Amino acid sequence: MTRRFAALLLCAAALCGAVRAESGRLPLTRLSLGEIGGWIALDVELGGERGRWLIDTGASRNLISPALARRLGLSPRGSASADTVLGPVKGGEVSLPALRLGGFERAGQTALAMELSTLIGAAAEGSAGVLGVPFLDGVQLDLDLRDGVATLARADATDCPAGSRAVTLTRHRTLPVITLGIGEPVVTEAYVLDTGNPAALVRVEASAADAATPGLALPGGHRLTLLPRATIGAQTRGAVPVVRVAAPALAKSFEGRLRGLAGTAFIDGARWRLDLAHDQLCVEAIEVVTPGGFGLALERRGAELRLSAVLPGSPAERSGLREGDVVTRWPGGDTSRPLAELWAAVQGREEIVVGVGEPAREIT
């Protein structure tokens, strides 16, 4: 990223665009392609059009879909790049009209016009854009991932809400970084706070794991393990899924300072205040187990819906489900619905009933 763009990202709210009032309580949309985590989004009005914008603390720029940019007559004034946890991305830079979320307004923002699917895959379907670090700088964002609401306001006072305590954030190339306590005895590890990542913890390795590495083998040489305990400030989190990912370029970009990424699943089930004006995170003082965890994954093979994975020792395996089972019944109705709709139907549930085979064998 050039120094010019880095300066734009770090400028004060007064210089990068005015912030007005407070949003009030806004409903969060959860986009899931699995039973744990997912992306989070808010309804935004831009240039008279309302649309779903993802909140991505792992993006150093705001992003807008090229189709929306064209409809609003936003002409790129040149090509620009942005840092993301997946590496640099490029697009045409456009100036945005004021972004409105309830009673909250932010003017003077820019964005890269680019196909969102190249960055966020299936979550891009139906999404108008991505609110990255430039939008969040100078703003207090309250995320309630228990009740599914958010509030945005000017970042004036530094006091945390009742029941929460402040944790200092650092930055890596403008992106917020949190420090976690892992294991017994406690070892501290630094992770980029990345709400554009639907998973919990992603540990980035310079090379693929070998067969002796603990955990469940995943495609691409990745491995999945379950961390019994992790702490962030006054909060303790249990049953944290950890995916070890071989990504040499990303590991190199972390410059030995960072262990990986902390995604939406890691902060799920709690209330947070992200304050990038004062580089602090207000952390709820609770103990929480990662929501979700039936231990299965879905895929389509032609017209069939199948179980692409069943985790050893999981509730799904103990109930008799096996990898490759054809799913003929799923909560909420028709199994031909998009995967995102199927997962939305089971969000927050403690129990589900799945039918496999024909005639269907129902398993709770």
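Let's start at one rung of a ladder: Glu299 has Arg306 of strand S28 as its bridge partner. This is a predicted model, and here it pairs strand S27 (residues 296-301) with strand S28 (residues 304-310) in antiparallel fashion, through six bridges. Two residues sit between the strands of this hairpin, and Gly302 adopts a positive phi near 65 degrees.

Now for the charged side chains. The structure has 22 salt bridges, and one of them brings Glu93 and Arg61 together at 2.8 Å, N to O. Glu93 belongs to strand S8 (residues 89-95), while Arg61 is in the loop between strand S5 (49-55) and strand S6 (63-64), so this pair ties together parts 32 residues apart in sequence. Glu93 is buried, at 4% relative accessibility, and Arg61 is buried too, at 3%.

Another salt bridge joins Glu205 and Arg259 at 3.4 Å, N to O. Glu205 is in strand S19 (residues 201-205) and Arg259 in the loop between helix H6 (248-253) and strand S23 (260-262), so the link spans 54 residues of sequence. Arg259 is partly exposed, with 23% relative accessibility. There's also a salt-bridge network, made up of Asp144, Arg146, Asp147, Arg271 and Glu284.

What about an arginine that is buried yet has no salt bridge? That's Arg106, in strand S10 (residues 104-106). The nearest side chain of opposite charge, Asp137, is 7.2 Å away from Arg106. The backbone is another matter: the side chain of Arg106 reaches the backbone oxygen of Asp137 at 2.6 Å, and a polar atom of that Arg106 side chain lies 3.4 Å from the backbone oxygen of Pro134.

Conventions. Residues are numbered from 1 along each chain as its sequence is written. This is a predicted model: local features need pLDDT of at least 70, side-chain atom pairs count only at pLDDT 80 or more; totals for chains, interfaces and linings use all residues. Side-chain values use heavy atoms; hydrogens and water are left out. Two strands pair if DSSP finds at least two bridges between them. Helices (H or I, at least four residues) and strands (E, at least two) are DSSP runs, numbered from the N terminus. Buried means under 20% relative accessible area, exposed over 50%, partly exposed in between (1.4 Å probe, protein chains only). Lys and Arg count as positive and Asp and Glu as negative; His and the chain ends are not counted. A salt bridge is a side-chain nitrogen of Lys or Arg within 4 Å of a carboxyl oxygen of Asp or Glu. A polar contact is a pair of N or O atoms within 3.5 Å; within protein, one must be able to donate a hydrogen and the other to accept it, and residues adjacent in sequence count only if both atoms are side-chain atoms.
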